[in-house]
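Let's take a walk through this chain, starting with the overall layout and then settling on a few spots worth rotating into view. Keep the viewer open as you read.

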Amino acid sequence: MSEMDHKETLDKLVAVMVETRSRRQSQVDREWLAAHAAWHARPTDQRFTSDTYNYYVPEFRRIIERTVTRAKQMVLPKPVFFEVTPADAFDEAASIAAEGAYSTIRYILMKKALIGRIVSQLARNLLMYGVSTVKTSVTVTTNRGTQEVWPTVRAVDAFDYYIYPETAVNIEDRAGTFEDIMMPWTQYESLIKQGQVREIMKS
């Protein structure tokens, strides 16, 4: 594909992304913002008011957080929720390998991925906005001169995640997905120089 074809394809893609973003902001985001305001317990009326106290009960947030706690307990019933025991319990080598796999998986999920927090965030997004999205990737770090590659996972903010067309009910039916993020212009320029992103011409 030539540079001209790349530019033409990029311009079309950006146009679709802008249209999708504007269309959803005028419809779905209003409902989501109402749920977000209710979760933050912004009182619209005063309750339990007397001479001694003035207390507002955030009922919506209490229901959401109670359900999130129960969902987390069902998904993660205990800190170690996976099994790596080999089928042959009498094989010493297999037992040693299983112990190594157990330690590695536990370290990744508990220390690197912070699986408990991820599950809570995903459950909260699902209850408040009807959608929860998780993004997986890898990160390269340097430890004592040695490069290490670790998996990463995070919950995506529902307000920043878009799918096109919006009628797609699963990831296989979508024509495109994107995450709306903000970054400093200097960081964007450095990514262009590294060849990780393509430059979008400013109008």
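Helices here are DSSP runs of H or I with at least four residues, numbered from the N terminus. That is the sense in which Asn125 is found in helix H5. Bear in mind throughout that this is a predicted model.

First, the big picture. The protein chain holds six helices and four strands. Going along the sequence, they come in the order α-α-α-α-α-β-β-β-β-α. Of the 203 residues in the protein chain, 20% are buried. And if you take contacts between residues at least 6 apart in sequence, 44% of them join residues at least 24 apart.

Now zoom in on helix H2, which covers residues 28–39, and look at how it packs on helix H3, residues 59–75. Their axes are 7 Å apart, and the packing angle is about 95°. Angles from 65 to 115 degrees count as roughly perpendicular, so that is the label for H2 and H3. On the H2 side, the residues involved are Ala35, Ala38 and Trp39, and they meet Phe60, Arg61, Ile64 and Glu65 in H3. Sorted by class, this contact of H2 with H3 has five nonpolar residues, no polar ones and two charged ones. One detail to pick out here is Arg61, which lies over the face of Trp39 at 4.1 Å from the ring centre.

Next, follow H2 to another partner, helix H5, which spans residues 115–129. The axes of H2 and H5 come within 9 Å and cross at roughly 120°. That angle makes H2 oblique to H5. Here Trp32, Ala35, His36 and Trp39 in H2 meet Arg124, Met128 and Tyr129 in H5. The contact of H2 with H5 splits into five nonpolar residues, one polar and one charged. Ala35 and Trp39 of H2 turn up here, and they also belong to the contact with H3.

What about the rings? A pair of aromatic rings is described by the distance of the centres and the angle of the planes. The structure holds five aromatic pairs. In one of them, the rings of Trp32 and Tyr129 have centres 5.5 Å apart and planes at 45°, so the pair counts as tilted. Since Trp32 sits in helix H2 and Tyr129 in helix H5, this pair ties together parts that are 97 residues apart in sequence. Both Trp32 and Tyr129 are buried.

Tyr129 also forms an aromatic pair with Phe159, and this one is edge-to-face, with 5.2 Å centre to centre and 75° between the planes. Phe159 lies in the loop between strand E2 (146–156) and strand E3 (161–164), while Tyr129 lies in helix H5, so the pair ties together parts that are 30 residues apart in sequence. Phe159 is buried, as is Tyr129. Put the rings together and you get one aromatic cluster of Trp32, Tyr129 and Phe159.

Stay with H5 for a moment and come back to Asn125. Is Asn125 buried or exposed? With a relative accessible area of 14%, Asn125 is buried, because the cut-off for buried is under 20%. Leaving out residues up to four places away in sequence, Asn125 touches Gly130, Val131, Ser132 and Val156.

Back up along the chain to Leu114, in the loop between helix H4 (92–112) and H5. Leu114 has a positive phi of about 50°, although it is not a glycine. Its relative accessibility is 32%, so Leu114 counts as partly exposed.

Two more stops towards the end of the chain. Gly176 is placed in strand E4, residues 176–179, and is partly exposed at 23% relative accessible area. Beyond residues up to four places away in sequence, Gly176 touches Tyr162, Ile163 and Tyr164. The C-alpha atoms of Gly176 and Glu166 are separated by 9.9 Å, with these positions 10 residues apart along the chain.

Finally, Val197 lies in the segment after helix H6 (185–193). Val197 is partly exposed, with a relative accessible area of 31%. Not counting residues up to four places away in sequence, Val197 touches Tyr188, Leu191 and Ile192.

Technical notes. Residues numbered from 1 in each chain as written. Predicted model: local features only at pLDDT ≥ 70, side-chain atom pairs only at ≥ 80, totals over all residues. Heavy atoms only, no water. Axes fitted to C-alpha atoms, helices over the stretch in contact; angles between N-to-C directions. Helix = DSSP H or I, 4+ residues; strand = E, 2+ residues; numbered from the N terminus. Parallel < 35°, antiparallel > 145°, perpendicular 65-115°, else oblique. Contact = heavy atoms within 4.5 Å. Nonpolar A, V, L, I, M, F, W, Y, C, P; charged D, E, K, R; others polar. Phe/Tyr/Trp six-rings, centres within 6.5 Å; stacked < 30°, edge-to-face > 60°. Buried < 20%, exposed > 50% of the residue type's maximum accessible area, 1.4 Å probe, protein only. Lys NZ or Arg CZ within 6 Å of the ring centre and 35° of its normal.
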